[in-house]
Amino acid sequence: MGKTRKRGRKPKPATEEETASQNYSTASIKDAVSLPATTAEAVEPNDPDSQGCRRGRSKKIKVASPERRSSRLADSNGDCATAAETPLIPKWEGTVKVVPSMDAVVKVFCVHTEPNFSLPWQRKRQYSSSSSGFIVGGRRVLTNAHSVEHHTQVKLKKRGSDTKYLATVLAIGTECDIAMLTVSDDEFWEGVSPVEFGDMPALQDAVTVVGYPIGGDTISVTSGVVSRMEILSYVHGSTELLGLQIDAAINSGNSGGPALNDKGKCVGIAFQSLKHEDVENIGYVIPTPVIEHFIQDYEKNGAYTGFPILGVEWQKMENPDLRMSMGMGPNKKGVRIRRIEPTAPESHVLKPSDIILSFDGVNIANDGTVPFRHGERIGFSYLVSQKYTGDRAQVKVLRNSQILEFNIKLSTHKRLVPAHIKGRPPSYYIIAGFVFTAVSVPYLRSEYGKDYEFDAPVKLLEKHLHSMAQSVDEQLVVVSQVLVSDINIGYEEIVNTQVLAFNGKPVKNLKNLATMVESCDGEYLKFDLEYQQIVVLKTSTAKAATLDILTTHCIPSAMSEDLKT
């Protein structure tokens with residue numbers, strides 16, 4: 001440590017007695033207490049400013065480890081007095097602040113084994129990840145669904161512990177991105193108080209995000225305020241639910257950690273952030289209404305059943321001419337139904353061009369919003385998401401200038417292209433080297449990457465974004481690839497093309513296609529594909545060649561297990 005010369009008169013030389021002892025000002029002693037011994041530096045004995053104590057002139061210094069020194073304290077007159085030779089208490093021993101909510105935050109270690117959608121008869125190489133979670137009542141732990149998706153093994157480690165405990169996944173809520181875990185070892189639950197849930201915060205309320213993000217193994221705390229509260233797009237679940245926007249940093253590894261208010265109660269779960277060159281520090285938190293819905297759904301049904309929806313697409317009624325043409329008076333407000341999901345229960349009572357006036361007694365505005373809290377409005381889908389699968393709701397509509405009321409049973413959404421396969425291996429069927437499979441969002445992401453909405457074939461995207469399933473078991477079946485063989489010469493370039501019909505019969509789903517092909521006793525197998533393409537194979541040679549193709553590519557079976565039953 002280099003010497004620093006101070007301007008002014010040259011200091012008086014120190015005596016031998018003063019040189020033999022180490023002297024510290026009161027401020028220096030405080031600094032010594034607040035510094036770990038490993039970061040403190042010894043006083044240089046040859047520095048004149050370190051010799052003795054002078055009235056009105058104390059210097060802030062760094063000190064050596066407390067075990068090898070005695071302390072001298074300055075009295076009120078500036079004279080130096082010798083203190084008892086007692087070791088100083090390290091900061092982490094004397095000033096540690098115990099926050100029960102933070103002790104309930106755990107680190108989640110997960111080994112994932114994802115399906116291989118390109119080669120659906122096998123899985124990808126396993127990989128490990130770490131995230132955060134927290135202990136709640138009932139010997140349960142909450143984290144994010146994407147943190148334990150396709151899990152092979154899950155382990156939890158408490159704060160300050162060196163032991164990892166095996167965990168069991170009780171439920172995974174893909175739509176709300178929440179998972180529930182438990183640990184059978186009683187030792188894990190000892191000395192830990194579960195996190196309590198608080199009320200939904202208001203705008204500008206302070207929140208603290210606690211977790212284990214990348215960059216270290218110890219707990220991390222970031223703070224901010226609630227910036228916005230609205231219906232958000234949940235990336236993992238491909239759904240829209242209530243969410244909080246905060247300005248606290250949420251990094252990789254923070255997922256699943258609690259967002260605490262100033263009273264130490266949980267007001268949400270960190271789950272995603274916005275990464276864009278034009279924005280900074282925008283993080284998103286799953287609020288308590290969504291968390292409590294997930295927990296109560298599990299307790300009520302013994303499993304996660306999902307968030308129901310009102311299976312309609314609607315149009316705003318903000319244009320006065322449009323409202324007048326629909327028979328809406330000046331006091332009537334609502335939204336117009338454009339389309340209804342054929343698989344939704346409400347398709348039997350609601351009709352296109354009906355005007356939805358209210359849901360469960362809450363009036364809907366022309367822009368589709370309802371009153372939320374003081375001075376706030378929110379999309380009316382929030383009211384639907386508060387219900388549970390199988391619940392009923394009163395829906396008031398305007399049809400042909402008449403007001404009608406319907407008691408509608410709510411259910412979950414059946415999509416033609418599902419957002420998740422819910423932990424099941426992908427289905428496939430192989431004949432003559434043609435690999436058939438059903439399209440899902442994970443399949444598109446596997447084939448075309450994160451930007452699949454820009455890179456996937458237009459026909460598939462159009463069906464993914466706009467088409468509706470006509471029945472609960474309908475699937476979008478495609479030729480994923482062609483395993484090259486002499487039998488399929490000329491068809492090698494067919495990739496991700498939809499199969500419309502087989503031998504003149506429409507293809508309803510993958511199992512339907514496999515059944516028709518296996519039972520076919522005609523001379524030819526004819527597949528009608530998208531873009532007016534056809535594939536024709538001789539039945540006998542196609543079925544005979546399949547076994548050799550399976551052997552060549554080390555494929556255990558010509559179809560997945562779910563198609564055999």
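In what order do the six strands close into a barrel? The order is 3-4-5-8-7-6, and the pairing is antiparallel. This description rests on a predicted model.

**Barrel and packing**

On average, neighbouring strands of this sheet are turned by 40 degrees against each other, direction ignored. Helix 5, residues 288–301, packs on the sheet. Helix 5 touches strand 5 (140–143), strand 7 and strand 8 (178–182). The direction of helix 5 makes about 55 degrees with that of strand 8.

Strand 6 covers residues 151–158, and strand 7 covers residues 164–173. The two run antiparallel and are joined by four bridges. V154 stands opposite A167 in strand 7.

**Positive phi in two loops**

Most residues other than glycine have a negative phi. R139 has a positive value, near 55 degrees. D360 also has a positive phi, near 50 degrees.

| Residue | Phi | Loop between | Relative accessible area |
|---|---|---|---|
| R139 | near 55 degrees | strand 4 (127–136) and strand 5 | 38% |
| D360 | near 50 degrees | strand 17 (355–359) and strand 18 (362–363) | 33% |

R139 sits in the loop between strand 4 and strand 5, two strands that are part of the barrel order. D360 lies in the loop between strand 17 and strand 18.

Are these residues buried, exposed or in between? Buried means under 20% relative accessible area and exposed means over 50%. R139 is at 38%, so R139 counts as partly exposed. D360 is at 33%, so D360 is partly exposed as well.

Technical notes. Residues are numbered from 1 along each chain as its sequence is written. This is a predicted model: local features need pLDDT of at least 70, side-chain atom pairs count only at pLDDT 80 or more; totals for chains, interfaces and linings use all residues. Side-chain values use heavy atoms; hydrogens and water are left out. Two strands pair if DSSP finds at least two bridges between them. Axes are lines fitted to C-alpha atoms, for helices over the stretch in contact, and angles run from 0 to 180 degrees between N-to-C directions. Contact means heavy atoms within 4.5 Å. Buried means under 20% relative accessible area, exposed over 50%, partly exposed in between (1.4 Å probe, protein chains only).
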